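Let's go through a few labels that get attached to residues and ask what earns them. Have the model open as you read.

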Amino acid sequence: MKKYKSNLSNMVMAVILGGGAGTRLSPLTLFRSKPAVPICGKYRLVDIPISNCINSNINQIFVLTQYNSASLNKHIKNTYRFSMFSSGFVDILAAEQTPDNANWFQGTADAVRQSLKHFKDFEFQYFLILSGDQLYQIDFNQMLEKHIESQAEITIATIPVTEREANEFGILKTDEQNKITKFIEKPKHNLEQWVSDTGANMQTQGRNYLASMGIYVFNRETLLSLLKTEYPQDYDFGRDIIPKSLHNHVVYSYQYSGYWTDIGNIASFFEANISLTKQIPEFNLFDSDNLIYTRSRMLPPAKINGATIKSSIISEGSIIDAHSIENSVIGIRSRIGAGTVLKSTYVMGNDFYETIDDIEKNRRGDLLNKGIGKNCFIQNAIIDKEVHIGDNVTIIGGNHLPNHETELYSVKDGIVVVKKAAHIPNNFEIK
């Protein structure tokens, strides 16, 4: 039975933060912002927070961007169009220089501060602040109900993490009512004092620390006061605003126990995608009550000619002549040649098809076709969009490869990332 969604559309303004330059996710962010990075074969990262909002009946959404935002702007413009009878929207707010402010966004809080003038004419009671580079499925109604019930001014979504993960997040302590009493951003030492009672199930998994998920509910007036009056020179929510607000505001934790991952680097991005190939993945793309929305492309079904496919996702519009594909995600419009073997690989696909005439011109000019050629072996790799890989290419990622950067590819944490639109010649080897 479909779960009930309360009417929040006129109560909440959602603000999705586009993030900074995304250097830890490079080279995927060389030509696009983090929220525009393709994920799960057919989506982009920004589709995740937007879909969570829409599924929670929150349909007034701004996306704040600064770096490499052209492809993100195009995606949002072509994807999210509400009915003419609805007040809903998804709009881009790009960083802008103005007569009274010549600076670009200096951090998460500063991005919201500089955008406040665009929110003032809307009637709403709560700000929902979200990150544009996370993978999760949350009903924000439940979080908001807890926020109202506890009479909080700020509520932070939190998730239990292990000691190994704790220094990557904002870590907090709460009292018996879940009111936050202490907060520290990315602690490096003396972690034992930050151990929390996260519940028996979480403790058996070694998840003894409460981490901020970078998802916040603010009362409207509280956020305006924090940004404009109390801390007008502070730039970041996690580092500056949240720790200081504990002294004079009511701040609560909303503990979430479902699947959530921060797409902060290549390793986490790779793992998030490949984990979708499990028999029962933690992130459920097939939940009809929590749809993930994206651009409707009107592509044909995938066509598979003789390939053996095991535990993999094949996106629409693909033409697969491979020998075998295992534990891999194949993105839209992918072309994979005969005899090729893929294992634990994310192929992002292509934005456009090559026509039969294009392929014939390539043959006559001894040029590479778009996609992956014949008799290749690729393992532990990410193949970005619009890549041309020739025949008999071998790419084997793993811990035996040191981190390094070339014009055609990068290696990070043992994962080979073939760069967007790269041309990998016949017989090329990375192993």
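What follows is a short question-and-answer round on a predicted model.

Q: What makes helix α9 (residues 266-274) count as largely enclosed by the rest of the structure?
A: Seven of its nine residues are buried, so α9 is largely enclosed. The buried ones are Ile266, Ser268, Phe269, Phe270, Ala272, Asn273 and Ile274.

Q: Which contact sits at the start of α9?
A: A side-chain oxygen of asparagine 265 comes to within 3.2 Å of the backbone nitrogen of alanine 267. The cut-off for a polar contact is 3.5 Å between N or O atoms, so this pair fits the distance limit.

Q: Why is the pair aspartate 110 and arginine 113 called a salt bridge?
A: The closest N and O atoms are 3.3 Å apart, and the limit is 4 Å, so the pair qualifies. Both residues belong to helix α3 (residues 108-115), three residues apart, or about one helical turn. In general, residues three or four places apart in an α-helix point the same way, because there are 3.6 residues a turn.

Q: How do you know whether those two are buried or exposed?
A: Check the relative accessible area: aspartate 110 has 6% and arginine 113 has 14%. Buried means under 20%, so both get that label.

Q: What makes arginine 363 and glutamate 360 a salt bridge?
A: Their closest N and O atoms are 2.5 Å apart, which is within the 4 Å limit. These two are also three residues apart, this time in helix α10 (residues 356-364), and about one helical turn separates them. There's a network here too: salt bridges link Glu360, Arg363 and Arg364.

Q: Why do arginine 363 and glutamate 360 get their exposure labels?
A: Arginine 363 has a relative accessible area of 58%, and exposed means over 50%, so arginine 363 is exposed. Glutamate 360, at 29%, is partly exposed, because that label covers values between the 20% and 50% cut-offs.

Q: What does the salt bridge between glutamate 405 and lysine 419 tie together?
A: The side chains meet at 2.7 Å, N to O. Glutamate 405 lies in strand β26 and lysine 419 in the loop between β28 and β29, so the pair ties together parts that are 14 residues apart in sequence. Glutamate 405 is partly exposed at 47%, while lysine 419 is buried at 11%.

Q: How many salt bridges does a search of the whole structure find?
A: It finds 13.

Definitions and conventions: Residues numbered from 1 in each chain as written. Predicted model: local features only at pLDDT ≥ 70, side-chain atom pairs only at ≥ 80, totals over all residues. Heavy atoms only, no water. Buried < 20%, exposed > 50% of the residue type's maximum accessible area, 1.4 Å probe, protein only. Helix = DSSP H or I, 4+ residues; strand = E, 2+ residues; numbered from the N terminus. Polar contact = N/O pair within 3.5 Å; in protein donor to acceptor, adjacent residues only side chain to side chain.
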